[in-house]
Amino acid sequence: SRRGLGEIAIFLAFGPVLTLGALFAISSDTVELFSSNFYNALYLGIPFGFLTTNILYINQYPDTVSDAKTGKNHLIVTLGKKNARWGYLILLCAAFGSSIYMTDIFADNISNFNKNIFYAGNAILFVYGFYAFINLYKNYNKRKLIHSNLKTIYLQIFYGLFMVLVLNLFFI
C-alpha cells in the first residue's frame, strides 16, 4: 500500500521466490546458488509473478476511493484510475515478454521442447489478456470491470496449465 511496494512484494513472493522455493523443496540434490537450475527456476517465476501482480492490480480498482480515504496509497490511488489502466497492459506485456525471452533457455534445457507450440500458446494467451485490458480500458469505473477481473484470474490459471503442458511434452 505504499505506492508500488505491495505490487513489488506480490511479484517477488508469487513469482521468482515461489519457484525458487519449490525448486529447493523438491530437489533431491543440493541446489547451488547461481547454478543453471537456480536461474531456470528464477526465470520460470517471472511471468507468474507479473500475472499474479496483475490480479492484485485489477482488484484494487473497485476499492480505490475507500483505500485513498484510509491511506492505502497503492498504484491505482497514486496514478488515478484512468491513468493506471496502462499499468495493467505494462504488466501483461512484461509477463509475456519474459515468457518469450525464456524460449531459448527452455530449448537448451528441456528435451522435446517445441518452440512453435510455445510461441503459439503465448500468443493466444496474450490475446486473451489483451481482451481483458480492452474491457478494463473501457469500463475502469463501471461494474462491467468484473469481467476483466475474472479474465485476469483465468489467464493466470490458463498460463499455469499451458506451462505444465509445454514443459512436459513427453507424450509427443
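The exercises below, each with a worked solution, concern helix packing and the largest pocket in a predicted model.

The model is predicted, so that local features need pLDDT of at least 70 and side-chain atom pairs count only at pLDDT 80 or more, while totals for chains, interfaces and linings use all residues. Residues are numbered from 1 along each chain as its sequence is written, and side-chain values use heavy atoms, with hydrogens and water left out.

**Exercise 1.** Determine how helix 6 and helix 8 are oriented to each other, and which residues meet.

Solution. Begin with the elements, where helices are DSSP runs of H or I with at least four residues, numbered from the N terminus: helix 6 covers residues 81–101 and helix 8 covers residues 115–139. Their axes, lines fitted to C-alpha atoms over the stretch in contact, with angles from 0 to 180 degrees between N-to-C directions, come within 10 Å and cross at roughly 175 degrees. Helix 6 and helix 8 are therefore roughly antiparallel, a term for angles over 145 degrees. Next, with contact meaning heavy atoms within 4.5 Å, the residues of helix 6 that meet helix 8 include W86, L89 and F96, and those of helix 8 include F118, F126 and F133. By class, this contact has 16 nonpolar, three polar and one charged residues, where Ala, Val, Leu, Ile, Met, Phe, Trp, Tyr, Cys and Pro count as nonpolar, Asp, Glu, Lys and Arg as charged, and the others, Gly among them, as polar.

**Exercise 2.** Describe the packing of helix 3 against helix 9.

Solution. The axes of helix 3 (residues 36–59) and helix 9 (residues 145–166) come within 9 Å and cross at roughly 165 degrees, so these two helices are also roughly antiparallel. The crossing of helix 3 and helix 9 is left-handed, meaning that the near helix is turned anticlockwise from the far one by less than a right angle. Among the residues making the contact are F48, L51 and I55 of helix 3 and T152, Q156 and Y159 of helix 9. By class, there are eleven nonpolar, eight polar and no charged residues in the contact.

**Exercise 3.** Establish how helix 1 and helix 2 are arranged.

Solution. The axes of helix 1 (residues 5–13) and helix 2 come within 4 Å and cross at roughly 25 degrees. Helix 1 and helix 2 are therefore roughly parallel, the class for angles under 35 degrees. F11, L12 and A13 of helix 1 make the contact with P16, V17 and L18 of helix 2.

How values were computed
Angles under 35 degrees count as roughly parallel, over 145 as roughly antiparallel, 65 to 115 as roughly perpendicular and the rest as oblique.
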